[in-house]
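Consider how one helix packs, what the nonpolar core is built on, and where the backbone takes a less common conformation.

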Amino acid sequence: MDIPKVELHSHLNGSIRNSTLKDLLTNLSVPIPRTLQNPELEESTRTLSECFEIFPLIHLAVSTSSALRRVVRETLSDFESDNVIYLELRTTPRTLDSGSVGKREYVDLVLSEMKKWVEDKGTRLIPRLIISIDRSRGVEEARENMDIAKELFKMGHDYVVGVDLGGNPTKGTFKEFKGLLEEVRTAGMKVTVHAGEVDNLEEVNDIVAFRPDRLGHFLCVDDGVWEKMEREGGDIPIEVCPTSNVMTLGLEGLGQHPILERLVKEGYPVSINTDDAGVFNTKQSLELYRVAETLGLNEYTVSGLVWGAVDLVFEGNRRTRARVARDVMKGIKGI
Ligand code: 5GP
């Protein structure tokens, strides 16, 4: 799948290269866990709870400004090598360098490294930033993150395009964060919410009623949820992350994905994404390939999926959106 692609659901720290993670842990004299020593083991055994065990380890490894800068640069390079031309990376602000770098500086650092990388490379990749809430860390931290997002958005920062509610879905509730998300939406920002990663229909219904601009994953849903969505405004675009979904749901393969076939066959607005390219040992082209292989799609239908995702980007600048659309279309025509 070498056509130009867009990636809309990708966590910065989850995109860390395994080699970099090992390298940073070694420098800190932290023992390398067994799953990181064997890539095959890694790929086959990451359940949802194992994933949420690995993130603290990644955060420990990426606890300095220089490590964060490295992860930003390498992540952008990896997506660029996979011919992703528009990338919405998301990250949760946190402190670095034993607390001397605050959350706002964390975000500034990510943004400045992105800009620098773009300028140095003269690349056609357009990176953008979504600022995340980690629901396991409570409302106060979430407010700080949303204040940073609103401030940057108000300043007109061209890279900051939206906010996200993520983090361990077994911790906290959507209701706790709803008011904050409402505030950022009122400020004009786009909102995406992780939904239905675990069985919690009450929460999924609350999220659907909130009507975010996009939904992440949306796996554990029933007919009532779809009916509600239809009744209350129609389709909300879904960010599908095939490999991540297979692993976190403990499925035998993508053929068992609860909604993928329905979404693709019914022409639902979806984007296909990596989620955590490092943690799941994947890339966008591989995700598209797996979808194509599982559903028996030809190259043109897969291209149609990529083209459909262009319509779902959070980028507000019309000229930039037009550029992305033109570049994707040029690539598709070249098949
Ligand atoms: P970061 O925000 O530190 O750049 O990226 C890692 C964080 O993204 C994790 O600590 C977690 O909060 C969030 N995250 C990564 N993958 C997933 C996922 O599959 N589901 C949810 N709900 N959150 C995730």
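In helix H9 (residues 201-210), Val 204, Ile 207 and Val 208 are buried, that is, each has 20 or more other C-beta atoms, placed from the backbone, within 10 Å of its own (12 or fewer would be exposed, in between partly exposed). They lie on the same side of H9, because they cover an arc of only 100° around the axis, taken from the directions from the helix axis to the C-beta atoms. An α-helix has 3.6 residues a turn, so residues three or four places apart point the same way. The cover over the buried residues of H9 includes helix H8 (174-186), strand E5 (190-195) and H10. Helices (H or I, at least four residues) and strands (E, at least two) are DSSP runs, numbered from the N terminus.

This is a predicted model, in which local features need pLDDT of at least 70 and side-chain atom pairs count only at pLDDT 80 or more, while totals for chains, interfaces and linings use all residues. Residues are numbered from 1 along each chain as its sequence is written.

After H9 comes Arg 211, with a positive phi near 55°. Phe 218, not a glycine either, has a positive phi of about 60°; this residue sits in the loop between strand E6 (214-217) and helix H10 (223-231) and is buried, with 28 other C-beta atoms within 10 Å. Asn 281 has a positive phi of about 50°, in the loop between strand E8 (270-272) and helix H13 (284-295). Asn 281 is partly exposed, with 19 other C-beta atoms within 10 Å. Most residues other than glycine have a negative phi.

Technical notes:
Two residues are in contact if their C-beta atoms, placed from the backbone, lie within 7 Å.
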